[in-house]
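Please open the structure in your viewer and keep the sequence beside it, as this tour moves from one selection to the next. At each stop there is something to select and a short account of what is there.

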Amino acid sequence: MREFTYPHTIENGSGERLTFLRRVPGVNRDRLEGENLVLPGAGPPMHVHYHQEEGFTVLEGRIGYQRLGEPVRFAEVGESLVFPRGQAHRFWNAGTGNLRCSAYLEPADNIEYFLSEIFSSQARSGTGRPGLLESAYLMRRYRSEYSMLAIPEVVQRLVFPVLIAIGSGLGRFERYKDAPEPLYR
């Protein structure tokens, strides 16, 4: 498994940059602390961390966010928001300038590896989305930890295994040979 040194910065080529600053002891194992920089309109789709709490404090700009089934909300500089484990959510830069937030995830689990690989795939694809085979592999491997609700469940259950078989046959997943094991089954 890849060891990270801090600070560790990743970019997805679509307007998001994450800088992981440190891992510190938390209430629930390690807490991963960092900052994000998001360009106007950019941000992740509706997703869920099944075992992690995710929190942000707005340092610059305006964040738009939504919890599944709830209306869109906004937070300004100095305001904080927390998404408890298991709560589906999305967020984006709702302003005209940069959005910069301090952030944390607790417990850290495999999020640093997962996001590093997803962002890398996004940057390589040049489409704003991770590559199809890589997405299928990573989302399936870590499905007990994270899910992208923007991808229909039927696709994740039925199509992803086919894509993984194709990718395996083509040798596309060699880069993941030392990937950390999922922490939950």
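Is Glu60 buried, partly exposed or exposed? Select Glu60 and show the surface: with a relative accessible area of 34%, Glu60 is partly exposed. Please keep in mind throughout that this is a predicted model.

**The partner of Glu60**

Now add Arg100 to the selection, and you will find that its side chain meets that of Glu60 in a salt bridge, at 3.5 Å from N to O. Because Arg100 belongs to strand β10 and Glu60 to strand β5, this pair ties together parts that are 40 residues apart in sequence. Arg100 counts as partly exposed, at 28% relative accessibility.

**The sheet around β10**

Next, select the strands β1, β2, β3, β10, β5 and β8, which in that order form an open sheet of six strands with antiparallel pairing. Strands β1 (8–11) and β8 (80–83) stand at the edges with a single partner strand each, so one side of each has no neighbour in the sheet. If you look along the sheet, neighbouring strands are turned by 25° against each other on average, direction ignored.

Stay with β10, residues 99–106, which is mostly covered, since six of its eight residues are buried. On one flank, strand β3 (residues 29–38) runs antiparallel to β10 and is joined to it by seven bridges; select Val38 to see its bridge partner in β10, Leu99. Strand β5 (residues 53–60) also pairs with β10 in the antiparallel sense, over seven bridges, and here Phe56 has Ala103 of β10 as its bridge partner.

Then move to the edge strand β1, which is joined by four bridges to strand β2 (residues 16–26), the two running antiparallel. Selecting Thr9 shows that it stands opposite Thr19 in β2.

**A loop before β10**

Select Thr96, which lies in the loop between β9 (89–93) and β10. Thr96 is exposed, with a relative accessible area of 83%. If you draw a distance from Thr96 to Val58, C-alpha to C-alpha, it comes to 15 Å in space, while the two are 38 residues apart in sequence.

**Helices α2 and α3**

Turn now to helix α2 (residues 132–141), where seven of the ten residues are buried, so that the helix is largely enclosed by the rest of the structure. Among these buried residues are Leu133, Glu134, Tyr137 and Met139. To see what covers them, display elements including α1 (111–125), β11 (146–148) and α3 (153–169).

On α3, select Val154, which is partly exposed with a relative accessible area of 43%. Together with Leu158 and Val159, Val154 makes a nonpolar surface patch of about 250 Å².

**Further salt bridges**

The structure holds 15 salt bridges, and a few more deserve a selection of their own. Glu117 forms one with Arg175, their closest N and O atoms being 3.3 Å apart; this pair links distant parts of the chain, with Glu117 in helix α1 and Arg175 in the segment after α3, 58 residues apart. Glu117 counts as buried, at 5% relative accessibility, whereas Arg175 is partly exposed, with a relative accessible area of 42%.

Select Glu70 and Arg73 next: they form a salt bridge whose closest N and O atoms are 2.8 Å apart. Glu70 counts as partly exposed, at 29% relative accessibility, and Arg73 is partly exposed, with a relative accessible area of 35%.

For the last stop, select Arg22, Arg31, Glu33 and Glu106, which are linked in a network of salt bridges.

Key: Residues are numbered from 1 along each chain as its sequence is written. This is a predicted model: local features need pLDDT of at least 70, side-chain atom pairs count only at pLDDT 80 or more; totals for chains, interfaces and linings use all residues. Side-chain values use heavy atoms; hydrogens and water are left out. Two strands pair if DSSP finds at least two bridges between them. Axes are lines fitted to C-alpha atoms, for helices over the stretch in contact, and angles run from 0 to 180 degrees between N-to-C directions. Buried means under 20% relative accessible area, exposed over 50%, partly exposed in between (1.4 Å probe, protein chains only). Contact means heavy atoms within 4.5 Å. Patches are made of residues with over 30% relative accessible area and no salt bridge: like charges are joined within 9 Å, nonpolar side chains (Val, Leu, Ile, Met, Phe, Trp, Tyr) within 5 Å. Accessible areas come from the Shrake-Rupley method with a 1.4 Å probe; for residues, only the protein chains shown count as cover. A salt bridge is a side-chain nitrogen of Lys or Arg within 4 Å of a carboxyl oxygen of Asp or Glu.
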